[in-house]
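Reader: Hey, I've just opened this one and feel a bit lost. Can you walk me through it?

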Protein chains: 2
Amino acid sequence: MSQDWKQYQEANKERFLNEMLDLLRIPSISAKSEYKNDMQRCADAVKDSLLAAGADKAEVMATDGHPVVYGEKIIDPAKPTVLVYGHYDVQPVEPLELWHNDPFDPTIKDGKVFARGSADDKGQFYMHVKALETLVKTNTMTTNIKFLIEGEEEVGSPNLGKFVAANKELLKADVILISDSSLLSMENPSLDTGVRGLSYIEIEVTGANRDLHSGTYGGAVANPITILAKMIASCHDENNHITIPGFYDDVVVASEEERALINKAPYDEQEYKDELGVKELWGEKGYSTYERTGIRPTLEVNGIWGGYTGEGAKTVLPSKAYAKVSARLVPNQSSEKITEKLLNYFRTIAPASVEVKAELHHGGEPYMTPIDSKGYQAASKALETTFGKTPIPVRGGGSIPICSLLEKELGIKIVFMGFGLDNDNLHSPNEKYNIENYYKGIETIPYFHKFFAE
Amino acid sequence: MSQDWKQYQEANKERFLNEMLDLLRIPSISAKSEYKNDMQRCADAVKDSLLAAGADKAEVMATDGHPVVYGEKIIDPAKPTVLVYGHYDVQPVEPLELWHNDPFDPTIKDGKVFARGSADDKGQFYMHVKALETLVKTNTMTTNIKFLIEGEEEVGSPNLGKFVAANKELLKADVILISDSSLLSMENPSLDTGVRGLSYIEIEVTGANRDLHSGTYGGAVANPITILAKMIASCHDENNHITIPGFYDDVVVASEEERALINKAPYDEQEYKDELGVKELWGEKGYSTYERTGIRPTLEVNGIWGGYTGEGAKTVLPSKAYAKVSARLVPNQSSEKITEKLLNYFRTIAPASVEVKAELHHGGEPYMTPIDSKGYQAASKALETTFGKTPIPVRGGGSIPICSLLEKELGIKIVFMGFGLDNDNLHSPNEKYNIENYYKGIETIPYFHKFFAE
């Protein structure tokens, strides 16, 4: 069986890569309305790729937002069914000037594919399409395989909940398999045991009813940038604990055992700093780097703007200032509750000399998967087979907002089997995916199905 | 004499207005390099207008930056000479979407001309061109008049110092007359006795060497927006005093007499708040509004940006954040010293987890003019003649960076005789200049020359 896989994949290697590059050429940015047609085009391309890989059926299904692509290959309803979840939408590409190539003109350099969506998540979900093809063409399927590839993950999956609730029978499966995360390294393979939740809000602070001359009015009227800066500054104390009242209330404190396990993961602080180009790290006092990015909730400002931001100088006292702020959440924080606390905080701490509007962009619940579950064990064995090492269980820092909903609606567990690397520049300029990782994923996935069916 | 003036101005009213509108149609934004040709075109138009008004000579003179326009009408070298200073450059127009008309397509509404530069300063210096025309055409000149109209006031006049130093003989005069400020109101005419100085800097804060995924790295690496917000927040204490070390060291504390005089100026707090659309004012504890904008130094953030600022949400932990920050200075603060303190403050308070670059945009010294000077007295009498009221002496909040240099190089005092209003939206969307004020200025200026010659 594994010999057949290897042979088939080796013979089709180049095509597997080129097909992925074609998918990366479609600018499927879900956050921006001007890419609506490209989103549709990308969904169609995903559907076609599923059919070409050997799916019995595949279709583009409408939602109130961007469409979902569903596909399936059912070999025997009595056999276990694996539901592969992924997303064909990508993050915006700004700041464009920092890219070394057009983000939608995939460029190969040093064995890496540089393009928006290469690792997050087109390159990763496409490994499952090529794994399906491998299984079909070598006639070695042991599970039924379903695909749910959505187009709104990067904007918080606002319409997927309704879609899943309306299509429970269609999506019925025994496990959900997601490749949308990363390995510690190729030398230290790992499996995520969870994802953090998210509360993402936007704040608008208004001072005077118009931009003012900073000479005529400066010193007499509140500057919304100054006030916003004070509000943001107040969110962390001197130990970088988050000060929003009640923020930590529902945090499940990790056990000493879990903390010890996390801190056993290979980590070289100097290397970590060098790779990021910083002299010192910054984070919550009393926690290590992997604890900070895994088991602790965080609060980040994702964007800020106000006043004159062009070339040269303008002595304006602006009317408005804005910020995008998001928190990463851990079990058992509730996205809804934290969002309420965040909105309330920003609405109430401002002085009466400004008006504050604070609104939710989107949120998602934190999610954990047990390492003794059948799905996790199958994934662990699959990685052991292809990497020659038992993968380390780690807590992922990112968020896949739909996880808790998928589990709730479908009643099954999720396995996170990602093949990216932390330095893939997700959501950043020069996002990349190593070709080695792409092939390693295609090689590993068939073993997951094999072990899950056993 | 005054009868002739009135008649001439009445007969040419419409043309006076249309000529000003033509000047406003040229987008002479000095801060942006793409307007270089428009700057030249505007300088040429100013030169032509001086010749048309009756100047003996007028020329566009090159500098290392945008050109200066010089013009003169010398009736008798033995008579007193008035040097009119103004600027033909204007502020950038962003945010464009808040304008009700194209900023360079002057639109008249309710007796006001809406256009960038209408009050600051094209509409105001052009009053002097039309006053010159009035004096020439009615053959009533009693002074020599020189014009120095520069193109870099809005970017801090970086090249005017050199120009003035090199042309001392050409610019020789007995007083400098500037209309680039405002009246308290048409009912309460006023004359500025000074302008504030300026220190304008830009700050760049860098965290990691690239934008990061806020899930993968959030909580472990410094967010430059958060750090910048903390730095900005630290600039004012809870009484809104500025905390930069040594900031107030050289401030000349205003006497009780001067403070009493300032606070005698008509002021209705509710009206002031209503006009700005704010519930509460904001400013340095212990000082009234006019004190805050006149005799006290201030610190404002003129712009801030970093991370994702587009539509929707992007969970990025940005690499960089920026701010433009400026201080208004009062006697005897030195722009150079304060700039050094500001730069030093921002460079040193940041934690080691970020890199900070802080650089000067431009600066200018505060300037005061004595009310017992011949020039001030002539201006006071001129306004008394046309408004029927003695103007109130007030301290202007804005800055004309070149003032102290002009006085130093030419050895003469400056008179500020502005005809704008505080609600002219200088530096803001929908800048306007009231047509009534434009005509009032043209009516008043000849009296200044008359009284100054007496």
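Author: Let's go through the interface and then the sheets. This is a predicted model, where local features need pLDDT of at least 70, side-chain atom pairs count only at pLDDT 80 or more, and totals for chains, interfaces and linings use all residues. Residues are numbered from 1 along each chain as its sequence is written, chains are lettered from A and ligands numbered from 1 in the order in which they are written, and side-chain values use heavy atoms, with hydrogens and water left out.

Reader: OK, how many residues does each chain put into the contact?

Author: Chain A gives 92 residues and chain B gives 92 residues, with contact meaning heavy atoms within 4.5 Å.

Reader: And what area do chain A and chain B bury between them?

Author: About 7,700 Å², with 53% of it on carbon and sulfur atoms. Buried area here is the accessible area (1.4 Å probe) that two parts lose on being put together, summed over both.

Reader: How many salt bridges cross the interface?

Author: The rule finds 4 between chain A and chain B; a salt bridge needs a side-chain nitrogen of Lys or Arg within 4 Å of a carboxyl oxygen of Asp or Glu. One of them joins B:E355 to A:K279, at 2.8 Å from N to O.

Reader: Which strand gives the largest share of chain A's side?

Author: That's β13 of chain A (residues 298-307), with 9 residues. Strands are DSSP runs (E, at least two residues) and helices are too (H or I, at least four), numbered from the N terminus.

Reader: What does β13(A) pair with in chain B?

Author: β13(A) runs antiparallel to β13 of chain B (residues 298-307), joined by 5 bridges. For instance, A:G303 has B:G307 as its bridge partner. Two strands count as paired if DSSP finds at least two bridges between them.

Reader: What's the strand order in the sheet they belong to?

Author: It's an open sheet of 8 strands, β16(A)-β11(A)-β15(A)-β13(A)-β13(B)-β15(B)-β11(B)-β16(B), with antiparallel pairing. The edge strands are β16 (355-364) of chain A and β16 (355-364) of chain B, each pairing on one side only.

Reader: Let's stay in chain A. How many bridges join β11 and β15 there?

Author: 10 bridges join β11(A) (residues 197-206) to β15(A) (residues 320-329), and A:S199 stands opposite A:A327 in β15(A).

Reader: Switching topic: what's the order of the 3-strand sheet in chain B?

Author: That open sheet goes β4-β5-β21, with antiparallel pairing. β5(B) (residues 112-114) and β21(B) share 3 bridges, and B:F114 has B:K432 as its bridge partner in β21(B).
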